[in-house]
Amino acid sequence: MTSDEARDGVSLTNLDQPLFDGAGASKRDLVDYLDAVSDRAVAALRDRPLSVMRVRAGQDPFMQKNVPKYAPSFVRTVSVWAETSKREVSYALCDDRRTLLWFANQRAVEYHPALMRAAEPDRQTHLVLDLDPPEGDAFGMAVRAAHLVRQALSDAGLAGAVKTSGAKGVHVFVPLAAGAAMWDVAAATRAVAARAERLDPALATTAFIREDRGGKVFLDSTRAGGATVVAAYSPRVRPGVPVSFPVAWEDLDSVAPADFTVHTAAGLLGERDPWTELMPEPQELPSDLVEEGHTIPVARVQAMHEGKRRARARRT
């Protein structure tokens, strides 16, 4: 009996192998799940430069950005200049079911699309806050922080959709009207995080340096520009293979990340696409939010300078 088969013209191999150590799932489980939700997964990935987290048997997980030379011709690609490495990167565009199946056969578990579309690389489509709780079983803290973000957005006249990250946190997405400049979106993201922090500074923090967070939920406002965020419906390389899953705001307090896995998520979805259903209409960024954000230092830059200052202080 062979564990190989083909779907949509894509050869699928070694389907009965364990996906990774501790997964509690096989490669077939991954393929079957992604195939079952392919229309909704592709809707979240289409036309966006894609990075994937792959897990080869016996190896540590690794992030793949460049499309391998052996990729089939039906996998569309786009070249993007990477400022950090000073080179062109050839990203895949996961625009259809067979491309998704091909990635699944490559043991691509996680799907991290860009926040802009290939046709408009200077226009971010969503404002994103990544809410990262402290170590341990602290998902409830991330949920409470998500409600702070929702309040800060509402106070600014904005609305967003929420999903589990598939790890230990929560992602809040605000769809943006066309034309928002990348630097203004980044500034507005910083301002939303700062306003949410002010609502409950005992719970939430914008401190980028981990040792400065004091056991609080980190409101990560750095998901802007060239950053990526794991897509809705994407599995994660974690025990049980949880899935990043859209949740209605009113249901957020009653869920846990482990509720949504490659074994359960497709059945919970049925034929629905809650990420599309729950997403508000695109919105204009309020000018006062953008202006406030431009007065807030960029977290990574501020953290770099602070790290250097602390290193000098330790030496002296």
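Two short exercises on one sheet of this structure follow.

The model is predicted; local features need pLDDT of at least 70, side-chain atom pairs count only at pLDDT 80 or more, and totals for chains, interfaces and linings use all residues. Residues are numbered from 1 along each chain as its sequence is written, and side-chain values use heavy atoms, with hydrogens and water left out.

**Exercise 1.** Find the order of the strands in the open sheet of six strands, and name its edge strands.

*Solution.*
Step 1. Know the terms. Strands (E, at least two residues) and helices (H or I, at least four) are DSSP runs, numbered from the N terminus. Two strands pair if DSSP finds at least two bridges between them.
Step 2. Read the order: S11-S12-S8-S10-S9-S13, with mixed pairing.
Step 3. Pick the edges. S11 (204–205) and S13 (246–247) each pair on one side only.
Step 4. Look at S8 (residues 126–132) and S10 (residues 170–175). They pair in the antiparallel sense over six bridges. Val 128 has Phe 173 in S10 as its bridge partner.

**Exercise 2.** Trace the partners of S9, then decide whether its residues 161 to 164 are buried or exposed.

*Solution.*
Step 1. Take S10. Four bridges join S9 to S10, and the two run antiparallel. Lys 163 stands opposite His 171.
Step 2. Follow the hairpin of S9 and S10. Five residues lie between the strands, and Gly 166 takes a positive phi near 85 degrees.
Step 3. Take S13. Two bridges join S9 to S13, again antiparallel. Val 162 has Val 247 as its bridge partner.
Step 4. Check the faces. In a regular strand, side chains alternate between the two faces of the sheet. Ala 161 and Lys 163 lie on one side of S9, Val 162 and Thr 164 on the other. All are buried (under 20% relative accessible area; exposed is over 50%, partly exposed in between; 1.4 Å probe, protein chains only).
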